[in-house]
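Here are my notes on the model you sent round. They are set out as numbered points, to be read with the structure open.

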Amino acid sequence: MAIDTSKVATSNSSAATPAKPGRAGAVATWADERLGLAGMAKKNLRKVFPDHWSFMLGEIALWSFVVLLLSGVFLTLWFTPSMSEIHYEGSYDQMRGIAMSEAMASTLGISFDVRGGLLMRQMHHWAAMLFIASMMIHLLRVFFTGAHRKPRELNWVIGSLLLLLGTLEGFTGYSLPDDLLSGTGVRAADGFMKSIPVVGSYMSFFLFGGEFPGDSIIPRLYIIHVLLIPGLLLALIAAHMLLLVYHKHTQWPGPGRTEENVVGFPMLPVYAAKAGGFFFIVFGVTALMGGLMQINPIWLYGPYDPSKVTAGSQPDWYMGWPDGALRIMPGWETHLFGNFTIAWNVFLPIIVLPGLMFTILMLLPFLEAWITGDKREHHLLQRPRNAPTRTALMVALMTFYGLLWMAGGNDIIAIKLNSSINTITYMLRFLVFVGPIIAFVITRRWCISLQRHDNEKLLHGYETGIIMRSPEGGYSEKHLPINPSAAYVLSARERDEVYTVEQETDENGIPAPASRAKALRAKLSTLWFADNVQAPTAAEIEAAHHHADHEHELQAALDGHAADGHQFDGHHSVEGDPLRGSDQH
Amino acid sequence: MSGHSDNLPVADDGNPGLPEHTWRPTDVDPKAEKRAERQVAALFGLSAVCAVLFVVAYFSLQVGDNHDTVLGLGASNVALGSALGGALLFIGIGIIQWARKLMADHEISELRHPAASSDEDRAATVAALQAGLEESGIGRRPLVRNSMLGAIGLLGAPVVVLLRDLGPTNAQVADAATGQGLEHTVWKQGVRIVRDVVGTPIRPSDIEIGDLFNAEPATIFETDEDGEPLIEGVPLQVAKSKGAVVLIRMDPADNTPGRGRKNWSVDGILCYSKICTHVGCPISLNERKTHHLLCPCHQSTFDLADAGRVIFGPAARALPQLPIAVDSEGYLVAQSDFTEPVGPSYWERDY
Amino acid sequence: MRLLNRSAGRLSRHRRSRLAGLVLLLIGLLTTGGITYAVMPSSSAGDAQSNAVQVEEGRKLFLQGCSFCHGQNGEGITTINGDNYGPSLVGVGAAAVHFQVETGRMPLVQPGVQGQAKPETYSAEEVEQLAAYVASLGPGPARPDEAEWTTAGLTEEEREAAISRGGQIFLTNCTACHNFNGKGGAMPQGGYAPDLSNTEAVHIYEAMLTGPGQMDSFSNGNLSPEEKRDVIAYLYSLRDQPAYGGFSLGGLGPVSEGMFAWLLGIGGLVGFAVWIAAHTTRTKKKKVEA
């Protein structure tokens, strides 16, 4: 679609005209003759991206990853990934003369003897937290709006892998300074590994290069942190972005927006500017956080010493939920044949549970597609309320996560709320099972009521707040129809189709028994859509409006003029507006 | 793709189409346009000022020995962070403002294509694939195919084997004499219990009821005649990570010694491993009156007056107790090593 | 006070201003009951006559305010279940009385709860009398003298060494409950280890010596007086230390950091995203062709 550039602010109308051949043109020609860029660029330079704030959450993750790369490279210039013991002689007085690993000493050096070093360390740490947090809210946005459906299931899987790798990357980075807090974390990780049946102690000895703590873990974590995982992250991010470009972004339904098109701003200039500007904003916010908010003050923790510990020993927030599961797990242990030990109290919450949760996460789109039997491509987003079971499912998972998260901070909650960690722990043992169920039911019913409310608005209009009195003395609130584009947004959603088992008959006309899986699928599909409210059909809307118009006519006849209530509801002036179809905003 | 359009109740006939474009003040009012232009330029200017401030702060504010402070905060970090943050944020806000106010904001529409390839493309791909496979003869020569797959599969072996030397196994390092391996610690008969950090031996009379000592085996503080430590580096860390203990003294009447542990204490002085049996955090959060020891990592709580029994939290096993006695010079010593492995459970743990 | 304070991070210059040390000392003297020493030097001089008077005055106060829980003669009261209603005070010493009463922990608001620091109930003189009385019940730790915790007599180097040694002792013995920053932590059954950020040196010393409430004692056989002094010196050095990396967010570690990452970081960035994608003002005017 061509733009009438004559009507654009003059300052950028020249930008839209083709560049005159000049030096830049010569460079472009040189490059194109060798790389053939024009073919690809012509398609993508004006590629359309829809504009909505919730589409920028993944961008926060992308840009904080860039901040991580930049600040991380800076840190590697000074950091020494070695566990050789030295006596600290830097400028932080309280630690002077104390024996510590070179890793810790060099981290103190970055913090106190390199100008801007502490800033970079803190920015790196804050950016890591933002990276994982933004991946999570991006994931929630995608799921709640149904953007994980065909054809985007694989991108969902890639995104889940990114979240998993990001978490591991965070944990390895958190462990590198070899301070008391992270060292305690590494020791706990050693305990986690040892709990794995059969191979546990081997894994621990191989990872640590012998018995804990050894002198290999920091260099090994370092290379995993700066090379292995970032490499994987980069590759997966590239794949994630390529698929995004290939599928084109999803969009909200609205006037002119269909399953067959994508409406928004072109890549060049608007989207490039918005995305580029957002990069600077993410970078800037990270810098402000790094400058003003202290994070991971390793000089207070001191060097790792296997005989020391501090109250409030917590991992970073993204490791908080398995840590919480560990805290509320009862102390179960089995001795097999009197010769072997299975530490369920560690193995289940920290090894099995996270693995299970990530598996469930990655399977969600396939599970939903299987249950609903939906094989169509979807490019228009759904409002969370229009998929009540899906929304409720994610809210239940979030509740589970959140309760475990709380359990991970039970000691801090206890001192801040003056309550007992024992009580909090017992309560959470109960709540992690009950909470998600309650959350599921409430969310589902809530969504259905919201659907009902939408239909209400669609059929009978919005509440004007005007109370009318009838000749009989009865009072009623006047409803007015909503404008057509809002009505379109509300009504433009698909009807739910429950999967049913087709009756298959054999050659003798006897119905074949449906396979069990199919029957289960049909049952689940029924449950999935049960009680959902469907958008009214065009005929229903027409009938409702007809009814409303009729009422208005009666009203007008009584009042002697065409009072439509718009005069009083304060939404706008009524001069020249038609009765219906006016813009209420 | 078109199969579901009839499923949209209002969509096809009711889609009102893209709304008409409306103009921004900056599009129609040259004054507003100029103002926005100045605004954006001013934002970029502010960013430049911040960048200069960053350089000034870098060179003027000291870190290290003469750390400058401002309002009780580290001045260098706060100034550099604020300046860098400002420099970046103002550029970002400027660009966004430019995009919002001055760049063309016509929404345009682009058609989607199904993710799947066309049928012709698929057919051509399948044909090409079949031709390739046919020419390779992989289907006709199972011997070649299977031997190749086998050979490639076996390449996994070098990969796995190469990782073997990442570390020795527990069985390889296990040595009761030096306290190596998961089953042993450096404690043995006659090893003195010394104060942590300072390494001085302890007499029973040093300990009052209600005291808690964070202690270590004397082994890790021992030096040779030149004053060089006997163990250092990795063996020292290993010894510390399993050997750390807490010594507490309680009224002997409070204590219920475990079976066979009647003579493991000295006048109400008990010695327990400091390493939590859950995942191995050191624990020393003791309640003096109840003799409950709490782990700060996951809140396992052990009753030291009852043989280290677990009374709360995720730990499954009691805290190992170290049998202690008094040596000829009147100092506290271990009677033996721990009678069970300290720290977290593992598969091969056979009791 | 200058806004920009050059060289505050350096330990050796924390006492850069002799005046600051003096002020600190003065505050300490005023609020720790040191004034009693100043007013009545004879009481600690061991004058038998005067001491007897002190004990007698203390006994009267004790009978009025403390005997309900601790018994008529400080022998303690045991409930039918065998629990301590109020523990015996025989042998707890003057240091325990001084700590408990001066920090406002005693008298308790109600029996059975953990003593909380609050404004003190008794005057310095009365505390002195109570302490004298309880000390007379049985031998126990006496009140520490300021000389035992001050690092004033040490050289710069000795003081630095004392502080870093104190840090190690603190991290070994204290952080498990009181947290790496001395900010306190949770204990079983609703108990807690208090925040040490504003606790005075004498009270830190007395707490280590006597083990108030559920806290373990760190008698002189456990941590020598020099080691206690070093711990106090380390804690004070943390107070003087600037927050190098910016606001410390409560000094509680990763939990509060995570909260700020979500609320300020993600909250702020989502705010920016909303602004970036928001529709700009529109006008009904049509563009005038130039």
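The points below go through confidence, chain contacts, domains, strands and the recorded annotations.

1. This is a predicted model. For chain B the mean pLDDT is 91, and 96% of the residues of chain B reach 70 or more. The exception to keep in mind is the start of the chain: residues 1-11 of chain B have a pLDDT below 50. That stretch still has 21 contacts in the model beyond near neighbours in sequence. I would read those contacts with the low pLDDT of residues 1-11 of chain B in mind.

2. The contact between chain A and chain B involves 110 residues of chain A and 96 residues of chain B. On the chain B side, the elements that each supply at least two residues are α1 (11-14), α2 (25-28), α3 (30-60), α4 (75-101), β3 (108-111), α8 (170-173), α9 (233-243) and β11 (309-312). Which of these gives the most? It is α4(B), with 17 residues. Sorted by class, the side of chain B that touches chain A comprises 49 nonpolar, 30 polar and 17 charged residues.

3. Chains A and B also pair through strands. Strand β4 of chain A (residues 261-266) and β3(B) run antiparallel and are joined by four bridges. Within this pairing, N261(A) is opposite L111(B). The strand β3(B) is also among the elements that supply at least two residues to the side of chain B that touches chain A.

4. Chain B is split into domain 1, residues 5-101, and domain 2, residues 193-334. How many Å lie between the C-alpha centres of the two domains of chain B? The value is 58 Å.

5. Chain B has an open sheet of four strands in the order β4-β5-β6-β7, with antiparallel pairing. Its edges are β4 (193-195) and β7 (269-273) of chain B, each of which pairs on one side only. On average, neighbouring strands of this sheet are turned by 40° against each other, direction ignored. Inside the sheet, β5 (residues 212-217) and β6 (residues 245-249) of chain B are antiparallel and share four bridges. L212(B) on β5 faces I248(B) in β6(B) as its opposite residue.

6. A second antiparallel pair in chain B is formed by β10 (residues 301-303) and β11(B), with three bridges. D303(B) stands opposite R309(B) here. The two strands form a hairpin with five residues between them, and A307(B) in this hairpin has a positive phi near 60°. The strand β11(B) supplies at least two residues to the side of chain B that touches chain A as well.

7. Chain C is divided into domain 1 (19-143) and domain 2 (144-241). These domains touch: 18 residues of domain 1 of chain C are in contact with 13 of domain 2 of chain C. On the domain 1 side, the elements giving two or more residues are α1 (18-31) and α6 (93-102) of chain C. The largest share, seven residues, comes from α6(C). By class, this side has six nonpolar, nine polar and three charged residues.

8. The UniProt record, an unreviewed entry, lists "transmembrane region" at residues 40-59 and 79-99 of chain B. In the model, residues 40-59 of chain B are 100% helix and 0% strand, with end C-alpha atoms 30 Å apart. Residues 79-99 of chain B are likewise 100% helix and 0% strand, and their end C-alpha atoms are 30 Å apart.

9. For chain A, UniProt (unreviewed entry) gives "transmembrane region" for several spans, including residues 53-79 and 277-299. Residues 53-79 of chain A are 74% helix and 0% strand, with end C-alpha atoms 38 Å apart. For residues 277-299 of chain A the values are 78% helix, 0% strand and 36 Å. UniProt also places "domain: Cytochrome b/b6 C-terminal region profile" (unreviewed entry) at residues 254-449 of chain A. That span is 64% helix and 6% strand, and its end C-alpha atoms lie 22 Å apart.

10. In chain C, UniProt lists residues 259-278 as "transmembrane region", again from an unreviewed entry. How much of residues 259-278 of chain C is helix in the model? The figure is 95%, with 0% strand, and the end C-alpha atoms lie 27 Å apart.

Notes. Residues are numbered from 1 along each chain as its sequence is written. Chains are lettered from A and ligands numbered from 1 in the order in which they are written. This is a predicted model: local features need pLDDT of at least 70, side-chain atom pairs count only at pLDDT 80 or more; totals for chains, interfaces and linings use all residues. Two residues are in contact if their C-beta atoms, placed from the backbone, lie within 7 Å. Ala, Val, Leu, Ile, Met, Phe, Trp, Tyr, Cys and Pro count as nonpolar, Asp, Glu, Lys and Arg as charged, and the others, Gly among them, as polar. Two strands pair if DSSP finds at least two bridges between them. UniProt positions are given in the numbering used here, feature names are shortened, and annotations may be inferred rather than shown by experiment. pLDDT is the predictor's confidence in each residue, from 0 to 100. Domain bounds come from an automatic or database domain assignment. Axes are lines fitted to C-alpha atoms, for helices over the stretch in contact, and angles run from 0 to 180 degrees between N-to-C directions.
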